[in-house]
Amino acid sequence: MATTTKTKKASTKPTGNTGKMKDSEFHKFFVDELKDIYWAEKHLAKALPKMRKAATSPELVEAFEKHTQETEQHIATLEEVFSMLEEKAAAKKCDAMAGLLEEANGIIEETDQGTMIRDAGLILAAQKVEHYEIATYGTLAVFAENMGHSEVASLLNQTLENEKATDVLLTQIAEGTINAQAVEE
Ligand SMILES: [Fe+2]
């Protein structure tokens with residue numbers, strides 16, 4: 001993996017524009033967006049344990065635990081992406097994730113511990129996060145492909161698939177018993 005960037009730089013096709021692209025406006029824009037999702041992932045990794053503590057259903061607790069580990073992996077993957085692009089891994093505040101996490105906090109504050117209303121609310125907050133990440137990784141993977149960074153695209157697509165799977169899992173958990181019980185509370 002580590003040799004990929006070098007290989008790409010040495011070749012002229014199909015990614016021969018890699019060197020030239022490093023100074024391009026779009027490259028800068030792309031790296032800026034990577035910094036944004038890097039910030040988002042790092043802050044999500046800190047917020048997920050709090051969401052796990054606030055949850056009641058064992059399935060939801062487990063899902064939050066699992067996704068905390070996966071989020072750590074997403075952070076490591078982004079660091080690999082920065083390194084492939086020969087860019088410094090740096091975080092730039094993501095206002096959207098900051099807002100989504102603030103909303104998750106608000107749900108915890110407004111609901112009682114041990115209720116399914118809170119669990120349903122936590123799933124709502126977590127799915128908003130997942131959808132934001134799905135949109136981000138989906139677009140960034142396409143950008144990477146367009147720029148000729150197919151290895152980067154493949155890494156971003158791996159994370160994208162994991163975010164999608166998490167979203168599906170959260171839906172299954174909600175529809176299992178939580179939503180039905182929350183309606184009765
Ligand atoms: Fe993630």
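**View 1. The site of the iron ion and its geometry.** Four donors count as tetrahedral if all angles lie between 85 and 135 degrees, and as square planar if opposite donors are over 155 degrees apart and all others between 65 and 115, while anything else is irregular. In this predicted model, the four donor atoms of the iron ion make angles of 54 to 146 degrees, and the site is therefore irregular. The coordinating atoms are OE atoms of E41, which is listed twice, ND1 of H74 and OE of E163, at 2.0 to 2.5 Å from the iron ion.

**View 2. The donor residues of the iron ion along the chain.** In sequence, these donors follow the spacing E-x32-H-x88-E. E41 belongs to helix α3, which covers residues 25-54, and H74 to helix α4, which covers residues 58-84, so the two donors tie together parts of the chain that are 33 residues apart in sequence. Both E41 and H74 are buried.

**View 3. The aromatic pair of F26 and F143.** A pair of aromatic rings is described by the distance of the centres and the angle of the planes. Of aromatic pairs, the structure holds four, and one of them joins F26 and F143 in an edge-to-face arrangement, with 5.0 Å from centre to centre and 80 degrees between the planes. This pair links distant parts of the chain, since F26 lies in helix α3 and F143 in helix α6 (residues 116-146), 117 residues apart. F26 counts as partly exposed at 34% relative accessibility, and F143 is also partly exposed, with a relative accessible area of 21%. Ring pairs further link F26, F29 and F143 into a cluster.

**View 4. The aromatic pair of Y38 and F82.** The ring centres of Y38 and F82 are 5.4 Å apart and their planes stand at 70 degrees, so this pair, too, is edge-to-face. Y38 is part of helix α3 and F82 part of helix α4, so the pair ties together parts of the chain that are 44 residues apart in sequence. Y38 and F82 are both buried.

**View 5. The chain that surrounds these details.** The chain has seven helices and zero strands, and along the sequence its pattern reads α-α-α-α-α-α-α. Of its 185 residues, 46% are buried, and the accessible surface comes to about 9500 Å², with 53% of this surface belonging to carbon and sulfur atoms. Among the contacts between residues at least 6 apart in sequence, 82% join residues that are at least 24 apart.

Note on methods
Residues are numbered from 1 along each chain as its sequence is written. This is a predicted model: local features need pLDDT of at least 70, side-chain atom pairs count only at pLDDT 80 or more; totals for chains, interfaces and linings use all residues. Side-chain values use heavy atoms; hydrogens and water are left out. Helices (H or I, at least four residues) and strands (E, at least two) are DSSP runs, numbered from the N terminus. Buried means under 20% relative accessible area, exposed over 50%, partly exposed in between (1.4 Å probe, protein chains only). Contact means heavy atoms within 4.5 Å. Accessible areas come from the Shrake-Rupley method with a 1.4 Å probe; for residues, only the protein chains shown count as cover. Donors are N, O and S atoms within 2.8 Å of the metal (3.2 Å for Na, K and Ca); water is not among the atoms, so sites may look incomplete. Four donors count as tetrahedral if all angles lie between 85 and 135 degrees; four count as square planar and six as octahedral if opposite donors are over 155 degrees apart and all others between 65 and 115; anything else is irregular. Rings of Phe, Tyr and Trp (its six-membered ring) pair if their centres lie within 6.5 Å; planes under 30 degrees apart count as stacked, over 60 as edge-to-face and the rest as tilted.
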